Amino acid sequence: MVRQAGHEGFAKYVEALASVIGHADRRGPLRDYCTGLMLPGERKSVEPMAARTAPARTAAQHQSLLHFVGVAPWCDEAVLAKVREQVLPAIERAGPIKAWIIDDTAFPKQGEHSVGVQRQYCGHLGKTANCQVAVSLSIANHGASLPVAFRLYLPKSWAEDRALRHKAGVPREVVFKTKPQIALAQVRWACEAGLPRGVVLMDAAYGYDSQLRTGLSELGLSYVAGILPTTLVWPAGAGPRRRGKPLNNTGRRDEPDLRAAHEVARALPERAWRTIRWREGSAAWLSSRFARVRVGVGHNRLMPESLKPEWLLIEWPENEPAPTRYWLATLPDNIGFRALVDLAKLRWRIERDYQELKQEVGLDHYEGRKWRGFHHHATLCIAAYGFLIAERARIPPSGPRSAAPFMIPALPEGYRPRGSALAA
């Protein structure tokens with residue numbers, strides 16, 4: 001049951017979510033599902049959550065939660081909007097939104113039948129593996145961050161297979177899009193929805209895509225984008241020689257001034273490098289050695305006359321034999337060095353989000369195979385996480401952490417959830 005100290009706030013929060021899910025008979029399962037995600041426990045899949053939220057009628061509760069998350073046609077976007085409405089004011093107590101963070105997260109899978117699963121790069125494991133991948137957009141400041149859009153990446157093999165689509169319940173309007181294309185669509189939606197704007201942050205898995213970067217600029221957004229060391233740029237003072245023709249990013253012989261980012265880094269004088277600290281860590285301030293230089297960035301579909309200078313930011317830690325990270329940033333030429341580094345490093349918040357979404361509320365515990373259930377579960381995990389964010393924002397940094405708002409109910413004797421290490 002919910003502790004009295006946190007009961008009223010949680011009940012009010014869930015009631016607001018219930019106002020956008022349609023039928024009144026969905027309110028009980030919504031409350032129970034969110035409660036199950038908040039309860040301590042080894043697994044946050046439907047079966048163990050049913051046992052924890054209704055120990056006396058586990059089988060009936062199991063069916064109720066299964067139907068609610070996997071079948072009921074409530075709208076993920078409406079629930080996420082209500083989460084945003086309640087959580088954004090709490091996030092902004094620490095200051096205005098500074099960044100929109102593009103990223104993705106992977107869900108390793110043993111079988112081949114879950115929607116969107118195939119062998120692909122799995123960041124969770126750091127290698128190619130059988131997994132699902134979802135793309136997200138988060139809003140962030142230095143105090144907190146919250147995912148505001150979340151969509152499964154559907155590989156081409158799935159998108160073009162009618163039988164697989166039908167079996168997994170993939171909506172007809174969902175077509176194949178690359179991950180950067182999904183991310184750009186999410187950013188475009190966020191602009192149209194009027195979310196408080198921030199600098200778009202992304203790692204090299206997205207920053208390498210020139211069409212994504214161009215699309216962000218066309219939306220009037222600045223970015224700090226991780227790039228590959230082989231990305232070609234014009235160092236300050238150099239520029240394209242051919243006027244009036246589209247540039248290409250493979251023609252080093254056509255554009256002799258183009259250099260790879262790692263070549264620019266190696267050519268910088270020692271005085272260009274500075275040790276900068278950007279955030280207080282658990283034990284000490286985080287710091288590293290950086291250099292920055294203004295560059296032009298050429299890519300296809302860009303006309304030379306529209307070329308605008310960008311920052312090339314490079315990180316080269318003292319104990320490393322070569323630079324370790326590179327970013328392009330469309331930020332003003334008068335931005336402070338530390339402010340530039342601080343924004344590049346703010347992307348750490350999404351890594352913290354995914355860690356807590358998986359460890360605290362079971363984002364990666366869903367065992368269903370269909371499109372609707374996958375997204376419903378993710379939406380409810382984000383909703384539960386949003387409540388935790390709002391609760392933390394009420395406590396000053398020097399204040400004590402509040403007790404968890406939930407107590408673990410007694411489980412049926414001998415109960416072992418599927419997937420548990422205790423289940424033989």
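Which helix gives the largest share of the lining of the largest cavity? That share belongs to α14, spanning residues 371-393, with three residues. Please keep in mind that you are looking at a predicted model.

## The cavity

Let's begin on the inside. The count of cavities of 30 Å³ or more comes to one. The largest cavity holds about 60 Å³ of space. Its lining is made up of Phe107, Lys109, Gln132, Phe150, Leu363, Asp364, Tyr366, Phe374, His377 and Ala378.

If you are thinking about the chemistry of that lining, it divides into six nonpolar residues, two polar ones and two charged ones. Helix α14 supplies three residues, the largest share.

## The second largest pocket

Now for an open space. The second largest pocket has a volume of about 800 Å³. It is lined by 28 residues, and those closest to its centre are Glu77, Phe150, Arg151, Trp371 and His375. One of these, Phe150, also appears in the lining of the largest cavity.

Which elements give two or more residues to the lining of the second largest pocket? They are α5 (76-91), β4 (145-152), α8 (179-192) and α14. Helix α14 gives the most here, with six residues. By type, the lining of this pocket holds 16 nonpolar, five polar and seven charged residues.

## A buried residue in α14

Helix α14 is also home to Leu380. Is Leu380 buried or exposed? Its relative accessibility is 0%, so Leu380 counts as buried. In space, the C-alpha atom of Leu380 is separated by 9.6 Å from that of Val83, although the two residues are 297 apart along the chain.

## Helix α4 and its two faces

Helix α4 takes in residues 58-70, which makes 13 residues. From first C-alpha to last, α4 reaches 18 Å, close to the 18 Å expected at 1.5 Å a residue.

The buried residues in α4 are Thr58, Gln61, His62, Leu65, Phe68 and Val69. Why do they lie on the same side of α4? They cover an arc of only 135° around the axis, and therefore they share one side of the helix. Ala59 and Gln63 are exposed, and they sit on the face of α4 turned away from its buried side.

## Cysteines

How many disulfides does the structure hold? The number is zero. Cys122, for example, is in no disulfide: its nearest cysteine sulfur belongs to Cys131 and is 4.3 Å away. A disulfide would need the two sulfur atoms within 2.5 Å.

The accessibility of two cysteines can be set side by side. Cys122 counts as buried because its relative accessibility is 0%. Cys75 has a relative accessibility of 35%, so Cys75 counts as partly exposed.

## Arg271 and Arg274

Two arginines are worth a look in the viewer. Arg271 is found in the loop between α11 (261-267) and β9 (274-280). With 74% relative accessibility, Arg271 counts as exposed. Its C-alpha atom is separated by 9.0 Å from that of Ala291, which is 20 residues away along the chain.

Arg274 belongs to strand β9. Where Arg271 is exposed, Arg274 is partly exposed, as its relative accessible area is 45%. Measuring from C-alpha to C-alpha in the model, you will find Arg274 and Ser288 8.2 Å apart in space, with their positions 14 residues apart in sequence.

## Glu112 and a long-range partner

The last stop is Glu112, placed in the loop between β1 (99-108) and β2 (118-122). Is Glu112 buried or exposed? At 61% relative accessibility, Glu112 counts as exposed, since the cut-off for exposed is over 50%.

Along the sequence, Glu112 and Arg369 are 257 residues apart. In space, the distance between their C-alpha atoms is 9.5 Å.

How values were computed
Residues are numbered from 1 along each chain as its sequence is written. This is a predicted model: local features need pLDDT of at least 70, side-chain atom pairs count only at pLDDT 80 or more; totals for chains, interfaces and linings use all residues. Side-chain values use heavy atoms; hydrogens and water are left out. On a 1 Å grid over the protein atoms alone, a cavity is a set of points where a 1.4 Å probe fits but cannot get out, and a pocket is an open set with protein on both sides within 12 Å along at least five of seven lines; lining residues have an atom within 4 Å of a point. Grid points are joined across faces, edges and corners, and a volume is the space filled by probe spheres set on the points. Helices (H or I, at least four residues) and strands (E, at least two) are DSSP runs, numbered from the N terminus. Ala, Val, Leu, Ile, Met, Phe, Trp, Tyr, Cys and Pro count as nonpolar, Asp, Glu, Lys and Arg as charged, and the others, Gly among them, as polar. Buried means under 20% relative accessible area, exposed over 50%, partly exposed in between (1.4 Å probe, protein chains only). The expected span of a helix is 1.5 Å times one less than its number of residues. The arc is that of the directions from the helix axis to the C-beta atoms.
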